[in-house]
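Trainee: I have this model open and would like a close look at one part of it, the big nonpolar core. Could you take me through that part, and then show me how the rest of the chain sits around it?

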Amino acid sequence: MAAPGSRGRSLSGLLPAQTSLEYALLDAVTQQEKDSLVYQYLQKVDGWEQDLSVPEFPEDGLLIIGVHSAKFPNEKVLDNIKSAVLRYNITHPVVNDADASLWQELEVSCWPTLVILGPRGNMLFSLIGEGHKDKLFLYTSIALKYYKDRGQIRDDKVGIKLYKDSLPPSPLLFPGKVTVDQVTNRLVIADTGHHRILVVWKNGQIQYSIGGPNPGRKDGIFSESTFNSPQGVAIMNNIIYVADTENHLIRKIDLEAERVSTVAGIGIQGTDKEGGAKGEQQPISSPWDVVFGTSGSEVQRGDILWIAMAGTHQIWALLLDSGKLPKKNELTKGTCLRFAGSGNEENRNNAYPHKAGFAQPSGLSLASEDPWSCLFVADSESSTVRSVSLKDGAVKHLVGGERDPMNLFAFGDVDGVGINAKLQHPLGVTWDKKRNLLYVADSYNHKIKVVDPKTKNCTTLAGTGDTNNVTSSSFTESTFNEPGGLCIGENGQLLYVADTNNHQIKIMDLETKMVSVLPIFRSENAVVDGPFLVEKQKTLPKLPKSAPSIRLSPVTVCAGQTLQFQLRLDLPSGSKLTEGVPSCWFLRAEGSEWLLQGQMPSGDIENISSQPTISLQIPDDCLSLEAIVSVSVFLYYCSADSSACMMKAILFSQPLQITDTQQGCIAPVELRYVF
């Protein structure tokens with residue numbers, strides 16, 4: 001067999017030889033025959049020229065390297081790649097192929113493509129697409145044996161420092177979705193990175209924490225139950241349904257019985273694109289969002305759970321009671337089946353739901369009232385928002401994308417009407433029935449957008465496109481970082497946003513146009529079975545006599561409200577924070593310590609250009625109508641040439657007047673000073 005020298009560093013040279021091998025493997029009967037065929041193949045290709053340089057091998061001779069050749073511009077940004085590495089708990093090295101040079105040099109044609117290299121960087125195998133586990137294990141194991149037989153595998157260790165080990169702990173880690181219990185105003189948060197579900201009161205106090213900190217797949221009582229990167233959540237009558245994404249399951253949380261059970265999926269990724277079996281016997285694939293609906297029988301409400309099935313690019317339904325879907329016969333309770341989408345990854349709209357095509361649908365919201373009567377869908381890979389009729393299943397375009405159903409690269413950041421509007425990988429939608437508007441988490445543009453479905457006009461509501469964590473009194477000045485989910489609460493007044501990469505739930509007041517952060521904290525009575533991660537409490541340094549002391553104007557607050565302090569400190573021109581010496585802030589309430597129970601009393605300042613927002617949740621039971629809280633800040637910084645380093649401190653005192661009168665959101669208090 002001739003070496004593909006003329007084709008150089010590309011996968012095309014492997015194709016003839018590997019195709020012959022794969023045909024031969026189909027005829028092989030025993031594992032020994034398969035091993036022998038792969039071994040003989042390696043003897044042929046091992047003499048081919050070296051293609052790529054490789055690093056030292058670890059002890060077992062196998063080194064895994066991820067090459068990230070991005071589709072979306074947002075995915076090329078190094079900080080966003082770090083966030084993805086952390087979110088998916090990736091522990092192997094990842095190369096940022098931002099300009100697609102490796103992609104082009106190797107003639108890669110689709111995601112994912114796996115390449116197995118020999119010790120000299122010589123190409124041995126390639127696998128294109130998903131579902132090749134058996135081949136991957138076979139090829140890798142025989143390749144390791146082949147090169148160990150030749151003494152070419154060295155016993156070296158590869159030192160890897162994980163990015164996640166350098167990060168401080170936080171109450172939330174990549175929260176993916178959030179929903180509101182309209183009866184009790186509790187929030188349900190998919191704390192995706194901690195593999196758990198949080199039920200919190202509207203002031204942020206945890207009532208239940210279920211699952212975590214590690215991924216797992218176990219039903220039972222709360223203290224035993226586990227999830228794996230949960231996303232969508234829906235709550236009704238003390239029952240929560242969860243899209244347990246990486247487990248490929250739909251889970252049910254009974255808050256009264258304090259138990260978790262599985263209602264759909266078998267725990268491994270399915271390929272079935274039709275469905276129709278009972279939920280717990282029906283394989284499903286990467287469910288990303290869930291929302292309640294009503295069957296055609298209209299005997300009761302909330303008897304259907306709609307599912308955004310991202311893995312098969314479809315919309316599915318789980319019958320929570322016997323009922324009918326549009327153009328379907330009567331279905332029995334527990335049936336789980338496809339409702340819309342062919343299963344092809346497309347941006348295809350069609351009056352026939354099974355002929356329509358989606359591309360990783362990731363967000364759902366129901367508008368049951370006329371004239372809408374539809375499901376709104378955030379279709380992430382086509383960068384569109386679509387609708388699915390609840391009357392006949394017709395799939396229609398709303399905003400984003402383009403007319404060619406095969407073009408999944410029609411993304412951007414453009415306000416406009418219908419197809420002229422451009423989004424970038426939206427992950428969430430929520431319907432505001434009070435205003436007849438649809439809010440969209442335009443995730444990769446780091447914005448919240450609003451769509452009028454009557455006119456198809458799409459405009460930016462909040463966010464600048466910058467990923468710095470800035471909470472401002474103005475919607476347009478506030479920032480987000482890949483928001484993944486959102487929901488409407490407080491009778492249409494508040495919009496809750498899962499600001500995923502900022503590890504926060506943000507609150508947008510749609511009437512006052514102010515943004516705040518929901519503080520997440522635990523109480524002594526909370527059922528917390530997962531971790532509540534808080535930083536080890538710091539010791540308050542002594543304030544230098546030279547430190548300025550600023551007394552602020554009194555602020556009127558009421559029980560249950562959140563008061564936020566935004567640091568706005570300026571260092572001398574050219575200065576930078578001292579590396580290795582943590583600048584920090586402290587929150588105190590001398591004589592009124594009851595104000596700070598369960599709150600975060602201190603934190604670090606890592607970047608002077610992105611200073612933290614400090615949240616103070618006013619307790620429901622206040623022991624006094626007046627109090628003073630203080631914020632102490634200690635900054636350690638050096639001149640631009642590091643010739644001089646120093647510490648500066650400042651004290652801000654904030655008088656509080658506490659009233660019983662309920663108020664809207666309070667404007668954040670800006671703590672400004674120029675050193």
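Mentor: Here is a walk through that core, followed by the other parts of the chain.

Keep in mind that this is a predicted model. The chain has 675 residues, and 53% of them count as buried. Its secondary structure comes to 5 helices and 44 strands. Among contacts with a separation of 6 or more, 57% are between residues 24 or more positions apart. The chain exposes about 30,000 Å², with carbon and sulfur atoms supplying 49% of that.

Now to the part you asked for. The largest nonpolar core holds 32 residues, and the members that touch the most others are Phe565, Leu595, Leu616 and Val633. Two or more residues each come from strands S36 (555-558), S37 (562-570), S39 (583-588), S41 (613-617), S42 (626-638), S43 (645-659) and S44 (669-674). S42 is the top contributor, with 6 residues. In general, nonpolar side chains in soluble globular proteins tend to be buried together.

Put Phe565 in the middle of your screen. Leaving out residues up to four places away in sequence, Phe565 touches Leu587, Pro612, Thr613, Ile614, Leu616, Val629, Val631, Gln654, Val669 and Leu671. Apart from this core there is another one, of 25 residues, including Leu14, Leu25, Val45 and Met123.

While you have the end of the chain in view, pick out Glu670, whose side chain meets that of Arg672 in a salt bridge, 2.8 Å from N to O. Glu670 counts as partly exposed because its relative accessibility is 36%. Elsewhere, Asp413, Asp442, Lys447 and Lys449 are joined into one network by salt bridges that share partners. The total count is 20 salt bridges.

Two more pairs are worth a click. Glu22 and Lys135 form a salt bridge at 3.5 Å, N to O. That pair links distant parts of the chain, with Glu22 in helix H1 (residues 15-27) and Lys135 in helix H5 (residues 133-149), 113 residues apart. Both ends fall in the partly exposed class, Glu22 at 23% relative accessibility and Lys135 at 30%. The other pair is Arg348 and Glu346, whose closest N and O atoms are 2.9 Å apart. Here the two ends fall in separate classes: Arg348 is partly exposed at 28% relative accessibility, whereas Glu346 is buried at 9%.

Next, go to helix H3 (residues 78-87), where Asn80, Ile81, Ser83, Val85, Leu86 and Arg87 are buried. The cover over those buried residues includes S1 and strand S2 (94-96). After H3 comes Asn89, with a positive phi near 55 degrees. There is a nonpolar patch on the surface too, about 220 Å² made by Ile65, Val67 and Val95. Ile65 sits in the loop between helix H2 (31-45) and strand S1 (66-68), and at 39% relative accessibility Ile65 is partly exposed.

For a sheet, try the open one with 5 antiparallel strands in the order S9-S13-S12-S11-S10. Strand S9 (220-221) and strand S10 (230-236) are at the edges with a single partner strand each, so one side of each has no neighbour in the sheet. Inside the order, S11 (residues 239-244) and S12 (residues 249-254) make an antiparallel pair over 6 bridges. One of those to check is Ile239, whose bridge partner in S12 is Asp254.

Last, the backbone oddities. Most residues other than glycine have a negative phi, and most peptide bonds are trans. Ser229 goes against that with a phi near 50 degrees; Ser229 lies in the loop between S9 and S10 and is buried at 10% relative accessibility. Ser286 also has a positive phi, about 50 degrees, and is found in the loop between strand S14 (275-278) and strand S15 (287-293). With a relative accessible area of 14%, Ser286 is buried.

As for cis peptide bonds, one joins Gly212 and Pro213, with omega about 0 degrees, and Pro213 is in the loop between strand S8 (205-211) and S9. Another joins Asp370 and Pro371, with omega about 5 degrees. You'll find Pro371 in the loop between strand S21 (361-367) and strand S22 (374-379).

Notes: Residues numbered from 1 in each chain as written. Predicted model: local features only at pLDDT ≥ 70, side-chain atom pairs only at ≥ 80, totals over all residues. Heavy atoms only, no water. Patch = residues over 30% accessible without salt bridge, like charges linked within 9 Å, V, L, I, M, F, W, Y side chains within 5 Å. Areas by Shrake-Rupley, 256 points an atom, 1.4 Å probe, with all protein chains shown as cover. Salt bridge = Lys/Arg side-chain N within 4 Å of Asp/Glu carboxyl O. Helix = DSSP H or I, 4+ residues; strand = E, 2+ residues; numbered from the N terminus. Buried < 20%, exposed > 50% of the residue type's maximum accessible area, 1.4 Å probe, protein only. Pairing = 2+ DSSP bridges. Contact = heavy atoms within 4.5 Å. Core = buried A, V, L, I, M, F, W, Y, C linked by side-chain atoms within 4.5 Å.
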